[in-house]
Amino acid sequence: MAFAIDEINRNSNLLPNVTLGYSLYDNCATLGISFRASLSLASGQEEQFLLDETCVGAPPVLGIVGDSYSTFTIAMSSVIGLYKLPIVSYFATCPCLSDRQRFPSFFRTIPSDTFQVRAMIQILKHFGWTWAGLLVSDDEYGLHAARTFQSDLAQSGGGCLAYTKILPWGNDPAELKRIVEVMKKSTARVVIVFSHESYSIGLVEEVARQNVTGLQWMASEAWTSASLLQTPRLMPYLGGTLVIAIRRGEIPGLRDFFLRIRPDLHYNNSYRNNIVNQFWEYTFQCRFAPPPAGWVETGGARCTGDEDILNVESELFDVSELRPEYNIYKAVYALAYALDDMLHCVPGRGPFSGNSCATLQNMEPWQLVHYLQNVNFTTPFGDEVSFDENGDALPIYDVMNWLWLPDGRTKIQNVGEVKESAEGEELTLDEEKIFWNFESKQPPRSVCSESCPPGTRMARKKGTPECCFDCIPCSEGKISNKTDSMECTSCPEDFWSSPQRDHCVPKKTEFLSYHEPLGICLTTASLLGTFVCVIVLGIFTFHRSTPMVRANNSELSFLLLASLKLCFLCTLLFIGRPRLWTCQLRHAAFGISFVLCVSCILVKTMVVLAVFKASKPGGGTSLKWFGAVQQRGTVLVLTSIQAAICTAWLVSASPAPHKNTQYHNDKIVYECVVGSTVGFAVLLGYIGLLAILSFLLAFLARNLPDNFNEAKFITFSMLIFCAVWVAFVPAYVNSPGKYADAVEVFAILASSFGLLVALFGPKCFIILLRPERNTKKAIMGRGTTRS
C-alpha cells in the first residue's frame, strides 16, 4: 500500500497537485480491533490523525482498503455503509458482500466466492469427478461457500457431495478425528476445502497421523500461500493439491522500493507502531537504543540503520508471486482513479443534483462511491479493473498445483486459469504440467457410481444422493444411445431395439415368402399341380375322340381342368409381400375358381343321374333339361353368384394389407385382413354348399349299373374336398400370420390335388395304360366277363 501511494504521488498525470496520505492498522486477526478501527475511521476521531492547516473542510479518510477476513469485513461494512464511506477489500470473498442493500459502499478487487465455487465445479466436470467431500471453516467465508457449492453443484448437474463437514474453531482433537474417519470411510477421492490455513492445519495433521493417503485435495484461494501446510512432513498427503489462486500480477519497481526502505531513527513515541523498525531488529538481530520505557531489553548489537539489506534473504523481497498484494495495489489505484475522476468534473456537467460537481473541500463520501462504481483502468500488468453493479471485480483466477519434488522441496506451479466470459466460465488447463500424487501419475477416479453405458438407464438408489445410482438395462423396444441416460426412449413403430439396447433397428418382416423353404415348397406344389393339369388337358385333347373322353362329358371335363388349373395358380397370390391388389384378388380368385370347379362337378353329377333316368322306360324327357346349353348356363349362373358375392365383399369391406405387431413385438407380420368376416364366411359357405350338394348327388348315383360309373369318383373326390375344408377352418383360425396363409394355400392345393387325382387319375390310367378298356363296349359293361 505504501508503494502504491508513493507511486501515485509521483505520477503527474494522476491526481496532480494532490498528495495522498495513509494510515496502516493491524487487526491482529481480531474482530473487535477491526470493528473499533472502522468506527474510528468513519467518525474521524482517531487520535493519530495529524492534519496540516491546509487540509481543513474535507474528511480525514476518503476510503478504506481492507479487511482481509470476510467476517470482519461484514462487521466493518455494516458500520461504514451507514456513512457511505467507500471500502475496498482485497481478500474478503463472501458472496453475501455483493448485497448492495446491506453494503452500499463496499467494493472488492478479489472475485466473489460465487465465481470461485463455479470455477471449482468446472474443474470437477473437466476431470469427471462427480463425488467429492467438502470441508469448510466455521465462519462466513466457509458457511456461505458451502451453501453456494451445494446449490450450484445441484443446478449444474456436475456431481454430488459425499459429505459436508465444518472444521471446528481451535483445536478439537475428537472432532477432527471424527471428520478424518468420515473421509477414510467415504468412497469420494476428492476433498474440497474452503478454509484458511489456520483452520486447516489441525485437520491436515490428523490426516498425517492416521496416514490417510490416496486423496486429491482441491482448495480455495485461502490456501494460495499456505506455507504452514507446505512442509516435508505434510506434502506426502497434500502433494498434487489443486488450488484456486488469486490472480498473480507484476508490480514494476516494488522490489527496488523495498530495498530502499530504511528504519526511522526518531522512533520515540512511534516505536511500537513502526513495523519497519521491528522488521529491522528481527532481520539483523539488533536493537535500537535507547529502548522505550517498559520495553524488555533483548541484548544484541545496536542497530545503526546502515545495515546492508541486499545480503538478507527474506520472503519480503520475492515479488514473483504477488497475489493478495496485487489486489491491494489495484484497490489503492481504484480509489485514486475515482478521486481523480471526481476532481476532473466540469461544473455544470456533474452527475449530482443540478449537474453539480463535488470538490475536495466539500465532498461527501457517497459522492466518491459514485465515481468508484464507474472506475475503469488498466494496470501495468495488463489487467482491466472495473466493478459491476454489486461492487465485484472482473472474475479471474489462476489454478495452482502443489508439486512435491523428489528431494523433498515444494514447488507451486501455475497450471491454468478460470475466467468469466459471455459464454460462462472458461477453464484452461495444461494437464501435462499437473503433478498427481498417485502411483499411476494420472487423475484419480472419484464417482459414487460408474457411468451407465448406452443400453441402460440410471435408477436412483433410495436414500442416497442423485450421483449414486444403479444401471438398469432398457426393456425390449426401448433404447438409450448416450452414457448416463435418465430414461430409455421407445423405438418408432417399425423399429425395435438392438440386442445391446443402444440403437433401433428395423423390425424383421415376416410373410409367406418365395425365398423361405415353406414358400418354396408351396410354390413348387402349385406349379406342379398346374403342370399336371396341363398334361391331363393335353391327354384329353389328344384322345378327345375316344369313348372314355366322350363318355365323360368332354366339354365339362375340359372346363373342370381349366378351373383346377386356376385353383392351383391362385395359390401364388398368397405367397410374397401382401399388397392391396393381391389381397383383393387372392380370395376372389380362389372363391370363383373353386365355385367354377365345383359347379362343373355338380353339373356332371346331375348329367349322370339324368342319363340313368333317361335309360329307363318313359324317362327320355329328362335329358332335354340337361343339354349342352343348359349345362353351360348352370355353370355360368352358379359361378356368377360367387362373383357377385366377391364383388359385394370387395366394395363394402375390401381386404387390405396390414402390419401386425401383436404376434411378435420385434417382428412385423405382413398379412391381409379380410375386411369383412361375413363376406369371407359367405364365400366359403357358398363353396361348401355346392360341394355338399355335389357329394349328396354323387353318393346317390354311386351304385348305378355302368361299368365305369363316374359318380363313384365324384363321391370320393367330394369326400376328400369336404374333409380338407372342414379341417381348414379351425387350423386357419388358430394359425398366426404367414402360417394362416400357408394353411389356406395347403387347403387349396390339397383339395385341388384330391379332385384332380380322384376325377382324372382313373381315366388317364385307362387311356394311357389300358387302351383295351377305352371302348364303348367296355364302358357300357358289354363284351366283358365279370368275375
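The following dialogue takes a newcomer through the sheets, helices and disulfides of a predicted model.

Colleague: On what footing do the values stand?

Modeller: The model is predicted, with local features needing pLDDT of at least 70 and side-chain atom pairs counting only at pLDDT 80 or more, while totals for chains, interfaces and linings use all residues. Residues are numbered from 1 along each chain as its sequence is written, and side-chain values use heavy atoms, with hydrogens and water left out.

Colleague: What makes β1, β2 and β3 an open sheet with edges?

Modeller: Strands are DSSP runs (E, at least two residues), as helices are runs of H or I with at least four residues, both numbered from the N terminus. Two strands pair if DSSP finds at least two bridges between them. Here three strands form an open sheet in the order β1-β2-β3, with parallel pairing. β1 (64-65) and β3 (106-108) each have a single partner strand, so one side of each is left without a neighbour in the sheet.

Colleague: How do you know that β2 and β3 are paired?

Modeller: Strand β2 (residues 87-89) is joined to β3 by three bridges, and a pair requires at least two. One of the bridges sets isoleucine 87 opposite phenylalanine 106 in β3. Helix α3 (residues 70-80) packs on this sheet and touches β1, β2 and β3, its direction making about 165° with that of β2. Touching, or contact, means heavy atoms within 4.5 Å.

Colleague: Why are α2 and α3 called roughly parallel?

Modeller: Axes are lines fitted to C-alpha atoms, for helices over the stretch in contact, and angles between N-to-C directions run from 0 to 180 degrees. Angles under 35 degrees count as roughly parallel, over 145 as roughly antiparallel, 65 to 115 as roughly perpendicular and the rest as oblique. Helix α2 (residues 31-43) packs with α3 at an angle of about 25°, their axes 9 Å apart. That makes α2 roughly parallel to α3.

Colleague: Which residues of α2 and α3 meet, and of what classes are they?

Modeller: Leu31, Ser34, Phe35, Ser38, Leu39 and Ala42 in α2 meet Thr71, Phe72, Ala75, Met76, Val79 and Ile80 in α3. These divide into nine nonpolar, three polar and no charged residues. Ala, Val, Leu, Ile, Met, Phe, Trp, Tyr, Cys and Pro count as nonpolar, Asp, Glu, Lys and Arg as charged, and the others, Gly among them, as polar.

Colleague: Why is α4 called oblique to α5?

Modeller: Helix α4 (residues 113-127) and α5 (residues 140-156) pack at an angle of about 50°, with their axes 9 Å apart. That value falls among the rest in the classes of angle, which makes α4 oblique to α5. The contact of α4 with α5 divides into eight nonpolar, four polar and four charged residues.

Colleague: What makes α11 and α12 roughly perpendicular?

Modeller: The axes of α11 (324-343) and α12 (365-373) come within 8 Å and cross at roughly 110°. The two helices are therefore roughly perpendicular to each other. Ala334, Leu335, Ala338, Leu339, Asp341 and Met342 in α11 meet Leu368, Tyr371 and Leu372 in α12. By class, this contact has eight nonpolar, no polar and one charged residues.

Colleague: How do you know that cysteine 94 and cysteine 96 form a disulfide?

Modeller: A disulfide is a pair of cysteine sulfur atoms within 2.5 Å. For cysteine 94 and cysteine 96 the distance from S to S is 2.4 Å, and a disulfide joins them. The torsion about their S-S bond is about 130°, so the disulfide is right-handed. A search of the whole structure finds nine disulfides.

Colleague: What is the arrangement of the sheet of eight strands?

Modeller: Eight strands form an open sheet in the order β5-β4-β6-β7-β8-β13-β14-β15, with mixed pairing. β5 (160-167) and β15 (424-429) stand at the edges with a single partner strand each, so one side of each is left without a neighbour in the sheet. Five bridges join strand β8 (residues 242-246) to strand β13 (residues 396-404), and these two run antiparallel. In this pair, isoleucine 244 stands opposite valine 399 in β13.

Colleague: What makes the backbone at aspartate 67 and asparagine 17 worth listing?

Modeller: The peptide bond from glycine 66 to aspartate 67 is cis, with omega near -5°, and aspartate 67 lies in the loop between β1 and α3. Asparagine 17 has phi near 65°, a positive value in a residue other than glycine.
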